[in-house]
Amino acid sequence: MKTTRGTLSFITLWLFLAIPPAFAHHSFTAEYDSSKVRQFVGTVTKVEWTNPHARFYLDVKDEGGTVTNWNFELGSPLFLRKLGWKSESLKIGDQVSVEGYLAKDGAKMANARTVNLADGRKVFAGSSANGTPTR
Amino acid sequence: MRNIEFSRTALIHDALRQSAALAFALLLAATAFGQAKPGAINGSVSDKNHLPVPNAVIQAKDNETGTVYKATAGLLGNYQLAGLPPGKYEFSATAAGFQRYERKDVLVTTGQTLRLDVPAGDFISLDTLGEDRLTIGTLFLTRPQPPAGPAPRTAEGKPDFSGLWYGPLPPSEMPELQPWAEAVEKDRRANNLKDAPNGRCLPFNVTIVNMFLNRLVQTRDFLSSIIEYDIPGYRQIYLDGREHPKDLDASWTGHSIGRWDGETLVIDTIGYNDKTWLGEAAPHTDKLHVTTKLHRPDLGHLEIETTFDDPGALKKPFTLKSTATLAPAKEEIQEFICNENNQDVEHLVGK
């Protein structure tokens, strides 16, 4: 029992492992501002299951009714696929809310950290928190 | 009177002498006490979401003596630097994937333990879905245990390194750089690594395997490494006894030849250009010479010892030791065409 608990805590802790800079496609802070987190709600207009980053695009309507298309960055499909995520996990027309960090240069780009469907289910998540991908 | 006066004077002298002696003794004791009772610094390293950052290398450099004290943070991010003589220190913490943390003139007092929690600053991917710390941690953690058994041999009786290998996590230690190289590295860090070759889909590093998935294919005369997540996704090593060409043009991956030293394959690589970055941000020159020693002690493990020697940029040769583990045969190397949709370049502004 003791061993199991020890093993579990070992596992939990080791889940938080950063990718060393030499093995990441680019540095987060060179492109995004970690102090500018924003919540977006919109409709998926395009999904790019591509390298070096998978991307999806959202039409986001502001208070004045103006629609802007935002570009969201995900990890490489290499890593997403290993964790059971699929190119069709997110589809054109899906209503989603996204939390992301804004690009430093003011482009309509953000780095997606959470993606939720309208019914609250998470997309591209659950690989670790819930055990299996939710979609 | 005179006697009395004399006695008084003598008494005062005596008292003064005794006080001085006492003060001196106290001073000695205090000094001795100070020497016997060093101070300490402890704390924990965590990211902006308060999640622990394991394996950070913590360092305190004595301002006066220049002595360096080191510790490595544990799995919870906790660390302790003990046995520090009282004084002021230059404190730093480095962890793969995070910004370097520095504090100057950290005061350590006699017998006291100073608490210094380190907020690990963002650097690389932080929370990007798919490259977040949880994903990378999960990828490493869910790797199956390597199989047991003896190391296979080729038809010629040499150790056979062929197989699909999970690369090891690179250690946090870095080579000692010459002053110019140190200045370049500092500048690159100050710009948040915006000009790293990786961001332009150029080679990530100079080694023959990396921390992700690598497939070694060995024949009598040739060893090839197919690397899943690098550019180009392969390295070539000649085992047929040839020498390095005399008219070698500098290239990203250099020219590699391998010789057998008993059970170990010693791979010699030269002919690099000076464009790849070593480790996180260190520069190197075209004098870079990499020696890679491969040894397969059993079926499931591949020991890799890599020595980087560059008289143009490093103060002295730097050696890293690590072990790759055999991945199940069902694993497949995936395609990584980095330039397929690299939108980042124009947005890598740095600061």
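Strand 15 of chain B and strand 16 (residues 301–309) of chain B pair in the antiparallel sense over eight bridges, where two strands count as paired if DSSP finds at least two bridges between them. Helices (H or I, at least four residues) and strands (E, at least two) are DSSP runs, numbered from the N terminus. This is a predicted model, in which local features need pLDDT of at least 70 and side-chain atom pairs count only at pLDDT 80 or more, while totals for chains, interfaces and linings use all residues. Residues are numbered from 1 along each chain as its sequence is written, chains are lettered from A and ligands numbered from 1 in the order in which they are written, and side-chain values use heavy atoms, with hydrogens and water left out.

Back to that pair of strands. Thr291(B) has Thr307(B) in strand 16 of chain B as its bridge partner, and two residues sit between strands 15 and 16 of chain B in what is a hairpin. On from there, strand 16 of chain B is joined to strand 17 (residues 318–326) of chain B by eight bridges, again antiparallel, with Ile304(B) standing opposite Ser322(B) in strand 17. These strands belong to a barrel in chain B, closed by nine strands in the order 9-10-11-12-13-14-15-16-17 with mixed pairing. Neighbouring strands of this sheet are turned by 30° against each other on average, direction ignored; the axes behind that value are lines fitted to C-alpha atoms, for helices over the stretch in contact, and angles run from 0 to 180 degrees between N-to-C directions.

Elsewhere in the barrel, strand 11 (residues 222–227) and strand 12 (residues 234–238) of chain B run antiparallel and are joined by five bridges. One of the matched pairs is Ser224(B) with Gln236(B) in strand 12 of chain B. The loop between strand 11 and strand 12 of chain B holds Pro232(B), and the peptide bond from Ile231(B) to Pro232(B) is cis, with omega near -10°.

Chain B has further strand pairs to look at. Strand 2 (residues 57–62) and strand 3 (residues 68–72) of chain B are antiparallel partners over five bridges, and Lys61(B) is matched with Val68(B) in strand 3 of chain B. Five residues lie between these two strands in a hairpin, and Gly66(B) in the turn has a positive phi of about 80°. Strand 2 of chain B also pairs with strand 5 (residues 87–94) of chain B, antiparallel over six bridges; there Ile58(B) stands opposite Ala93(B). In the loop between strand 1 (39–46) and strand 2 of chain B comes Asn55(B), whose phi is near 70°, a positive value in a residue other than glycine. Most residues other than glycine have a negative phi, and most peptide bonds are trans.

Over in chain A, strand 2 and strand 3 run antiparallel and are joined by seven bridges. Their hairpin has five residues between the strands, and Gly65(A) in the turn has a positive phi of about 90°. Arg55(A) stands opposite Glu73(A) in strand 3 of chain A, and Glu73(A) in turn stands opposite Asn111(A) in strand 5 of chain A. Strands 3 and 5 of chain A run parallel, joined by three bridges. Chain A has a cis peptide bond as well, from Asn51(A) to Pro52(A), with omega near 0°; Pro52(A) is in the loop between strand 1 and strand 2 of chain A.

So much for the single chains; now for where they meet. The contact (heavy atoms within 4.5 Å) takes 57 residues from chain A and 65 residues from chain B. Chain A and chain B bury about 5600 Å² between them, 63% of it on carbon and sulfur atoms. Phe16(A), Phe23(A) and His25(A) supply 14% of the area that chain A buries against chain B, more than any other three residues. Buried area here is the accessible area (1.4 Å probe) that two parts lose on being put together, summed over both.

Two salt bridges run between chain A and chain B, a salt bridge being a side-chain nitrogen of Lys or Arg within 4 Å of a carboxyl oxygen of Asp or Glu. Arg55(A) turns up again here, in a salt bridge with Asp344(B) (3.2 Å, N to O). Over all chains, the count comes to 20 salt bridges. Glu280(B) and Arg189(B) form a salt bridge too, their closest N and O atoms being 2.9 Å apart.
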